[in-house]
Amino acid sequence: MTAAWDDCGMPRTAYSLLFAALLLPTLAHCSETIPTQGYTVVRTYPHDTAAFTEGLFYLDGYLYESTGELGQSSVRKVELETGRVLQQASTPAPFFGEGIVAWHDRLIQLTWRNQRGFVYDLATLTPRTQFSYSGEGWALTRDDSSLYMSDGTARIRRLDPQTLQQVGGIKVTAGGKALDNLNELEWVNGELLANVWLTTRIARIDPASGKVIAWIDLKALVPDADTLSDPSNDVLNGIAYDAKHDRLFVTGKRWPKIYEIKLGE
């Protein structure tokens, strides 16, 4: 059989082979799957059902939580076992409180759309100073040398913890596509964990590549809709990690419980 040739003198079968060679990596990429990691609930703790959780972290035996909503935003120190609020500072109006993180003797808080953040004394929650940034503020976490900030997009900013200025960033992708709506963050064993707003999933993110390496789907923990004051907004949000005892805590906005979970292998 004689091969068909195109007008440029190349066999059409060669074009087919070339097209297939170019397509194969794309098909392999499209078929890439991100595993969903299992978990078990170790214990539950009470949570204030008036707390519209925007930020959460664990430090020295206590939870620190920031709450949102205009006129109701606050930062607070909470006794884990009882849910009792031990200290609280109101976020000044008209600011909508967002994520928090501790750095040495400071507690740092973002606000949503005002491009303004607040710095408190960690021991007393007394306001110290303010700082500014561009865009929206959603969440904060830290490693040993940097702060990480989400802003509702697929990009996580890296901040200098002293100046609170951006010094880098991570573009987060899932299956090759940008993953928007990154919300509450937590640094856990060299990875970034991020709630994905309006979903029941936490993304495990490799900070070096920005790729989502696994999902943690907490759909089974979501309270029944008829027990929530606003089911469409009272969503999963809030991750805290006790590194000393390897305990991971999760909750949601105005949820009645905080869950200690253990991830599967």
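In this predicted model, Tyr64 counts as buried, at 5% relative accessibility. Phe57 is likewise buried, with a value of 7%. Both values fall under the 20% limit for burial. The ring centres of Phe57 and Tyr64 lie 5.0 Å apart. Their planes meet at 10 degrees, so the pair is stacked. A search of the whole structure returns 9 aromatic pairs. Elsewhere, ring pairs join Tyr45, Tyr58 and Phe249 into a cluster.

The chain holds 1 helix and 22 strands. Its length is 265 residues, and 48% of them count as buried. The accessible surface amounts to about 13,100 Å². Carbon and sulfur atoms supply 53% of that surface. Among contacts between residues at least 6 apart in sequence, 49% connect residues at least 24 apart.

An open sheet is built from 4 strands. Their order is β2-β3-β4-β5, and the pairing is antiparallel. Strands β2 (53-59) and β5 (85-90) occupy the edges. Each has a single partner strand, so one side of each lacks a neighbour in the sheet. Neighbouring strands of this sheet are turned by 15 degrees against each other on average, direction ignored. Within the sheet, β4 covers residues 74-79 and is joined to β5 by 5 bridges. These two strands run antiparallel. Val78 stands opposite Val85 of β5. Strands of a sheet pair through backbone hydrogen bonds, in either a parallel or an antiparallel arrangement.

Strand β8 takes part in two hairpins, one with β7 and one with β9. It spans residues 116-121 and is mostly covered, with 5 of its 6 residues buried. On one side of the pairing, β7 (residues 106-111) meets β8 in the antiparallel sense over 4 bridges. Leu107 faces Tyr120 of β8 in this pairing. The hairpin of β7 and β8 leaves 4 residues between the strands. In its turn, Gln115 adopts a positive phi of about 55 degrees. Strand β9 (residues 127-132) also pairs with β8 in the antiparallel sense, over 5 bridges. Here Tyr120 stands opposite Pro127 of β9. Tyr120 thus has Leu107 opposite in one pairing and Pro127 opposite in the other. The hairpin of β8 and β9 has 5 residues between its strands. Leu125 in that turn has a positive phi of about 60 degrees.

The largest nonpolar core contains 17 residues. Ile156, Val172, Leu179, Ala203, Ile205, Val212 and Trp215 touch the most other members. Two or more residues come from each of β16 (182-188), β17 (191-196), β18 (201-205) and β19 (212-217). Strand β17 provides the largest share, 3 residues. Contacts of Ile156 beyond four places in sequence involve Tyr148, Met149, Gly169, Ile170, Val172, Leu182, Leu185, Leu192 and Ile205. A second core, of 15 residues, lies apart from this one. Its members include Leu228, Trp255, Tyr259 and Ile261. In soluble globular proteins, nonpolar side chains tend to be buried together.

Ala194 is located in strand β17. Its relative accessible area is 0%, so Ala194 is buried. Beyond four places in sequence, Ala194 touches Leu182, Glu184, Leu185, Arg201, Ile202, Ala203, Ile205 and Ile239. Of these contacts, Ile239 is 45 residues away in sequence. The C-alpha atoms of Ala194 and Ile239 are 8.0 Å apart.

Strand β20 (residues 236-242) has 7 of its 7 residues buried. It is therefore largely enclosed by the rest of the structure. Strand β21 (residues 247-252) runs antiparallel to β20, and 5 bridges join the two. Ile239 has Val250 of β21 as its bridge partner. Ile239 is also among the residues touched by Ala194. The hairpin of β20 and β21 has 4 residues between the strands. Asp246 in this hairpin takes a positive phi near 55 degrees.

Technical notes
Residues are numbered from 1 along each chain as its sequence is written. This is a predicted model: local features need pLDDT of at least 70, side-chain atom pairs count only at pLDDT 80 or more; totals for chains, interfaces and linings use all residues. Side-chain values use heavy atoms; hydrogens and water are left out. Two strands pair if DSSP finds at least two bridges between them. Axes are lines fitted to C-alpha atoms, for helices over the stretch in contact, and angles run from 0 to 180 degrees between N-to-C directions. A nonpolar core is a set of buried Ala, Val, Leu, Ile, Met, Phe, Trp, Tyr and Cys residues joined through side-chain atoms within 4.5 Å. Buried means under 20% relative accessible area, exposed over 50%, partly exposed in between (1.4 Å probe, protein chains only). Contact means heavy atoms within 4.5 Å. Accessible areas come from the Shrake-Rupley method with a 1.4 Å probe; for residues, only the protein chains shown count as cover. Rings of Phe, Tyr and Trp (its six-membered ring) pair if their centres lie within 6.5 Å; planes under 30 degrees apart count as stacked, over 60 as edge-to-face and the rest as tilted.
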